[in-house]
Amino acid sequence: MRRKIFSFVLCVLCILAACTASAAASVTAVNWGVDKFNVLRLVVDLTENTKYNVSIIHDREVQIRVAGTLDSRVSRRGSIKSDLANSFIVDRDGSGVTVRVPVNKKVQRSEVKDFLLKQDASTGRPPRIVVDISTNKVKNASMKYGATSVRRPVIRPGNTPASPVGNRVNFATTGGLKGKRITIDPGHGGSDPGAIGPRGNKEKTSTLLIANYLKQYLTAEGALVSMTRTTDVDVYGKFASAKNELQARVDVSTRNRADAFVSIHHNANNNRSVGGIATYYYPKSGYDYKLGNAIQKKLSVASKMRNMGTQQANFYVIKRSYIPAVLLEVGFLSNPQEEQQIASAWFQKTIAKAVLDGLKEYFGG
């Protein structure tokens, strides 16, 4: 008899523990994004893993039902810039949280994929529910698509971004350069030399020289400049993991509430005859391509190098930045002729001036 009673009590305690665990989970943010293939992604940030369910209501509404509570700072309504949905609504009742997304056309359950991502300590990202809706997916990638509801992260001690809760990121895109906050990221540094040319010129050296000239020019225009590094050092620390080092660079722009992030690099190729100049962006804020294209136009004219265009890429620093961000590949160090140019003060100043002019155009100055 005692054994039965003990088993019953143990069962009840397990049930209560499970309920408590679910109740402890809280929704801290609701974000969305549209990728280059026009897939609409919904992301629900959580304090911890919990149960959830995704359903389609009458083919015209996607619902994400989450077991847990709702953080009081989460907006109950939000807009979505997609040709599939215009808004989302967040409801709370006694048994959980429901994120409702009305859609503009019929959605089949087979067109909706969902999964739970675990907490990512290296980037400070919390547990999150991800729902991808591919109803309007296109076969070929297009620059027409690409937007997101970017939010400013809360900064914890140690300058590591926590889960994005609360206010949207506020970054300026007009009004000229004066007063704008610009973060410049000289690529590589410290234990990481980057590309090394046939004559021994190191990427980390020339990117810092270009960055220093750019800082001078921007400051003279009244911009407020922050640098991820000002000397030959690792930003996170010596021999850090790639993620920690790159995230540390992103964190500089976050701490300084930058309006734009510019990362400066040089390219390399096994074929030494390959050369050119390119600007890369990741479509997340709605302004990344505009920033990149403005700078690339000035770079291609000033450098007289082969124009490789403004290209979309998945580079960490431009993808994880919460603001418009670009990564510049200023010539090929592997190309002997371009290496010689890259090493010259004239070229470094010319590139810095071209980036300045691109930023002026972007901000309307």
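Reader: What share of the 365 residues of this protein count as buried?

Author: It is 50%, where buried means under 20% relative accessible area, exposed over 50% and partly exposed in between, computed with a 1.4 Å probe on protein chains only. A word on the source: this is a predicted model, in which local features need pLDDT of at least 70 and side-chain atom pairs count only at pLDDT 80 or more, while totals for chains, interfaces and linings use all residues. Residues are numbered from 1 along each chain as its sequence is written, and side-chain values use heavy atoms, with hydrogens and water left out.

Reader: How many helices and strands are there?

Author: The protein has seven helices and 19 strands. These are DSSP runs numbered from the N terminus (helices are H or I with at least four residues, strands are E with at least two).

Reader: How do you know whether E245 is buried or exposed?

Author: E245 has a relative accessibility of 12%, which is below the cut-off, so E245 counts as buried. E245 sits in helix 3, residues 242-255. Setting aside neighbours within four places in sequence, E245 is in contact (heavy atoms within 4.5 Å) with D234, V235, Y236, G237 and A240.

Reader: And S253, buried or exposed?

Author: S253 also belongs to helix 3. With a relative accessibility of 3%, S253 counts as buried. Not counting residues up to four places away in sequence, S253 touches T183, A258, F261 and I323. The C-alpha atoms of S253 and T228 are separated by 8.0 Å, with these positions 25 residues apart along the chain.

Reader: What part of the contacts with a separation of 6 or more comes from residues 24 or more positions apart?

Author: Those residues account for 70% of such contacts in the protein.

Reader: Why are helix 2 and helix 7 called oblique to each other?

Author: Two packed helices are described by the angle between their axes and the distance between the axes. The axes of helix 2 (residues 203-220) and helix 7 (residues 345-363) come within 8 Å and cross at roughly 50 degrees. Here axes are lines fitted to C-alpha atoms, for helices over the stretch in contact, and angles run from 0 to 180 degrees between N-to-C directions. Angles under 35 degrees count as roughly parallel, over 145 as roughly antiparallel, 65 to 115 as roughly perpendicular and the rest as oblique. Helix 2 and helix 7 are therefore oblique.

Reader: Which hand does the crossing of helix 2 and helix 7 have, and what is the contact made of?

Author: The crossing is right-handed: the near helix is turned clockwise from the far one by less than a right angle, whereas anticlockwise would be left-handed. S206, L209, I210, Y213, L214, Y217 and L218 of helix 2 meet residues of helix 7 that include A345, Q348, I351 and L359. By class, this contact has twelve nonpolar, two polar and two charged residues. Nonpolar covers Ala, Val, Leu, Ile, Met, Phe, Trp, Tyr, Cys and Pro; charged covers Asp, Glu, Lys and Arg; the others, Gly among them, are polar.

Reader: At what angle do helix 4 and helix 7 cross?

Author: Their axes come within 8 Å and cross at roughly 145 degrees, and the crossing is right-handed. The helix 4 side includes L291, I295, K297 and L299, while V355, L359 and E361 are among the residues they meet in helix 7. By class, the contact has eleven nonpolar, three polar and five charged residues.

Reader: What makes K297 and E361 a salt bridge?

Author: Their side chains meet at 2.9 Å, N to O, and a salt bridge is a side-chain nitrogen of Lys or Arg within 4 Å of a carboxyl oxygen of Asp or Glu, so the pair qualifies. K297 lies in helix 4 (residues 288-303) and E361 in helix 7, so the pair ties together parts that are 64 residues apart in sequence. K297, at 41%, counts as partly exposed, and so does E361 at 36%.

Reader: Which salt bridge does K360 form?

Author: K360 pairs with E221, the closest N and O atoms being 3.1 Å apart. K360 is in helix 7 and E221 in the loop between helix 2 and strand 15 (224-227), so parts 139 residues apart in sequence are tied together.

Reader: How many salt bridges does a search of the whole structure find?

Author: The search finds 14. One pair is R41 and D132, at 2.7 Å, N to O. R41 is in strand 2 (residues 40-46) and D132 in strand 10 (residues 128-133), 91 residues apart. R41 is partly exposed at 35%, whereas D132, at 16%, counts as buried. E61, D91 and R100 are linked in a network of salt bridges.
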